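Here is a short briefing on one protein chain. Keep the sequence and the 3D view open while reading.

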Amino acid sequence: MKLGEVVAEVELRFGDKAARLKAVVDTGASRSIMSKAFSDKLDAFTPLKEPYDLRTANEGGGLRIIGYSRVGVTFQGVEVPGGAVFEVAENLRKDVDLILGRPEIDSWGIIFTPEGPKPRKVPIEFEIL
């Protein structure tokens, strides 16, 4: 897969603040993660009483999850109903602010095309099976 196929344009909103960014769409990630710096930029950070660690695939790697952010989301120009909750890591790589993992890929119906990731269906609809 080409780099352009795993990066998506996303707008996140919290209160009266909004910001656009490029998110990594990672089919191998079991969680969706936001950087602490970006969460602070939106003033959307909610701390956890008990932070925890997530192991990553790289040797010795791990992320320290210290809170979460519930934000409004527009993915590739398409509004995500109800927004999303992202876990917030204090030690996400400096050049990455948002990783969209399997939960969002599956629930938003993201497919991968030669033009990049996009929702399979517009508007995005959720199902309970």
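The points below cover the nonpolar cores, the largest pocket, the salt bridges and two single residues.

This is a predicted model. Its largest nonpolar core has 26 residues. Its largest pocket has a volume of about 580 Å³. A search of the whole structure finds eleven salt bridges.

**Nonpolar cores**

- Within the 26-residue core, Leu12, Phe86 and Trp108 have the most contacts.
- Strands S1, S2 (17–25), S5 (62–75), S6 (78–89) and S7 (98–100) each give two or more residues to this core.
- S6 provides the largest share, with five residues.
- Phe86 touches Leu12 and Trp108, leaving out residues up to four places away in sequence. Its other contacts include Ser32, Met34, Gly67, Tyr68, Ser69, Val71, Val73, Leu98 and Leu100.
- A second core is separate and has nine residues. Among them are Ala29, Ile33, Leu63 and Val96.

**Largest pocket**

- The lining of the largest pocket is made up of 20 residues.
- Asp26, Thr56, Leu63, Leu92 and Ile99 lie nearest the pocket centre.
- Strand S4 (46–55) supplies at least two lining residues, and so does S5.
- Leu63 appears in two places: it is part of the nine-residue core, and it lines the largest pocket.

**Salt-bridge network**

- Side chains of opposite charge can pair when their charged atoms come close.
- Glu11, Arg13, Arg20 and Glu79 are linked in a network of salt bridges.
- Glu11 pairs with Arg20 at 3.9 Å, N to O.
- Glu11 counts as buried because its relative accessibility is 19%, and the cut-off is under 20%.
- Arg20 counts as exposed because its relative accessibility is 65%, and the cut-off is over 50%.
- Arg13 forms a salt bridge with Glu79, and their closest N and O atoms are 2.6 Å apart.
- Arg13 lies in strand S1 and Glu79 in strand S6, so this pair ties together parts that are 66 residues apart in sequence.
- Arg13 is partly exposed, at 22% relative accessibility. Glu79 is also partly exposed, at 43%.

**A further salt bridge**

- Asp43 forms a salt bridge with Lys17, with the closest N and O atoms 2.6 Å apart.
- The pair links distant parts of the chain, 26 residues apart. Asp43 sits in the loop between helix H1 (36–41) and S4, whereas Lys17 is in strand S2.
- Lys17 has 33% relative accessibility, so this residue counts as partly exposed.

**Glu104: a charge without a salt bridge**

- Glu104 lies in helix H2 (residues 102–107).
- Glu104 is buried yet has no salt bridge.
- Which side chain of opposite charge is nearest to Glu104? It is Arg70, 9.0 Å away.
- A salt bridge needs a nitrogen within 4 Å of a carboxyl oxygen, so Arg70 does not pair with Glu104.
- Glu104 is in contact with Ser32, Gly109 and Ile110, leaving aside neighbours within four places in sequence.

**Val7: a strand residue**

- Val7 is in strand S1 (residues 7–14).
- Is Val7 buried or partly exposed? Val7 counts as partly exposed because its relative accessibility is 23%.
- The C-alpha atoms of Val7 and Lys22 are separated by 6.1 Å, and these residues are 15 apart along the chain.
- Val7 touches Lys22, Ala23 and Pro117, not counting residues up to four places away in sequence.

Key: Residues numbered from 1 in each chain as written. Predicted model: local features only at pLDDT ≥ 70, side-chain atom pairs only at ≥ 80, totals over all residues. Heavy atoms only, no water. Helix = DSSP H or I, 4+ residues; strand = E, 2+ residues; numbered from the N terminus. Buried < 20%, exposed > 50% of the residue type's maximum accessible area, 1.4 Å probe, protein only. Contact = heavy atoms within 4.5 Å. Lys, Arg positive; Asp, Glu negative; His and termini not counted. Core = buried A, V, L, I, M, F, W, Y, C linked by side-chain atoms within 4.5 Å. 1 Å grid on protein atoms, 1.4 Å probe; cavity = no way out; pocket = protein on both sides within 12 Å on 5 of 7 lines; lining within 4 Å. Points joined across faces, edges and corners; volume = space filled by probe spheres on them.
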